[in-house]
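Colleague: I have this model open on my screen. Can you walk me through its pocket, its cores and a few residues worth a look?

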Amino acid sequence: WTTLTKPLSSTKIALVTTGGLYVEGQEPFEREDTSYRTIPSDVRKEDIRIRHRGYDNGPANQDINCVYPLDRFKEMEAEGKIGRLSATGYSFMGMINDTETLINESAPEVARALKGDGVDAVFLAST
């Protein structure tokens, strides 16, 4: 945890979810999957899919903003409430029992990518 030292209106924010989201054409998540998927911020909502057996996907299938608030952050960016939305977000699958791989491999990879992209803050949408 790090304290944000700049105003939100100057902050680059990335979205991260544990909702099991992937983009059409990417490999769907499997049970106990410790990998992640990249979600471009310009993705068409119709191209986002969900593979997660740990929650009722119905509401999220109707409005993906339930688990990945892409539209809300685009609105905040347009209104100047945040500096900008990162071009890439990330999705994990929740319900992972192999936390060692997640902690030692997948999460650090995403953290390095976020840092390399100059992201100041992450909004984690957990399911």
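**A buried asparagine, the cores and the pocket**

Modeller: This is a predicted model. Start with Asn-65, which has a relative accessible area of 12%. The cut-off for buried is under 20%, so Asn-65 counts as buried.

Colleague: Where does Asn-65 lie?

Modeller: Two helices flank the site: helix 1 spans 58-62 and helix 2 spans 70-78. Asn-65 sits in the loop between helix 1 and helix 2.

Colleague: Which backbone nitrogen does the side chain of Asn-65 reach?

Modeller: Leave aside neighbours within four places in sequence, and Asn-65 is in contact with Lys-45, Leu-70, Asp-71 and Arg-72. Lys-45 is 20 residues away along the chain, with 9.4 Å between the two C-alpha atoms. The side chain of Asn-65 reaches a backbone nitrogen at 3.2 Å, and that nitrogen belongs to Leu-70.

Colleague: Which residues of the largest nonpolar core touch the most other members?

Modeller: Nonpolar side chains tend to be buried together in soluble globular proteins. Here the largest nonpolar core has 17 residues. Strand 1, strand 2 (21-23), strand 4 (48-50) and helix 2 each supply at least two of them. The members that touch the most others are Leu-21, Ile-64 and Tyr-68.

Colleague: How many residues does the second core have?

Modeller: This core is separate from the largest one. Its members include Ala-14, Val-16, Tyr-90 and Val-110. The count is seven residues.

Colleague: Is Ser-86 buried or exposed?

Modeller: Ser-86 is found in the loop between strand 5 (84-85) and strand 6. Not counting residues within four places in sequence, its contacts include Lys-12, Ile-13, Asp-117 and Val-119. Its relative accessibility is 3%. Buried means under 20%, so Ser-86 is buried.

Colleague: Which backbone oxygen does the side chain of Ser-86 reach?

Modeller: The separation is 3.1 Å. The oxygen belongs to Thr-88.

Colleague: What about Ser-106: buried or exposed?

Modeller: Ser-106 lies in helix 3. Beyond four places in sequence, Ser-106 touches Thr-34, Ser-35, Tyr-36, Phe-92 and Thr-101. With 7% relative accessibility against a limit of 20%, Ser-106 is buried.

Colleague: Met-95 has a positive phi although it is not a glycine. Is Met-95 buried or exposed?

Modeller: The phi of Met-95 is about 60 degrees. Met-95 lies in the loop between strand 6 (88-92) and helix 3. Its relative accessible area is 55%. The cut-off is over 50%, so Met-95 is exposed.

Colleague: Glu-32 also has a positive phi. How accessible is Glu-32?

Modeller: The phi of Glu-32 is about 65 degrees, and Glu-32 is not a glycine either. Glu-32 sits in the loop between strand 2 and strand 3 (36-40). Its relative accessible area is 34%. That falls between the 20% and 50% limits, so Glu-32 is partly exposed.

Colleague: Which element gives the largest share of the lining of the largest pocket?

Modeller: The largest pocket holds about 790 Å³ of space. Strand 1 (12-17), helix 3 (99-116) and strand 7 (121-125) each give two or more residues to its lining. The largest share is five residues, and it comes from helix 3.

Colleague: How many of the lining residues are nonpolar?

Modeller: The lining has 25 residues, with Leu-114, Asp-120, Ala-121, Val-122 and Phe-123 nearest the centre of the pocket. Five lining residues are polar and two are charged. The nonpolar count is 18.

Note on methods:
Residues numbered from 1 in each chain as written. Predicted model: local features only at pLDDT ≥ 70, side-chain atom pairs only at ≥ 80, totals over all residues. Heavy atoms only, no water. 1 Å grid on protein atoms, 1.4 Å probe; cavity = no way out; pocket = protein on both sides within 12 Å on 5 of 7 lines; lining within 4 Å. Points joined across faces, edges and corners; volume = space filled by probe spheres on them. Helix = DSSP H or I, 4+ residues; strand = E, 2+ residues; numbered from the N terminus. Nonpolar A, V, L, I, M, F, W, Y, C, P; charged D, E, K, R; others polar. Buried < 20%, exposed > 50% of the residue type's maximum accessible area, 1.4 Å probe, protein only. Contact = heavy atoms within 4.5 Å. Polar contact = N/O pair within 3.5 Å; in protein donor to acceptor, adjacent residues only side chain to side chain. Core = buried A, V, L, I, M, F, W, Y, C linked by side-chain atoms within 4.5 Å.
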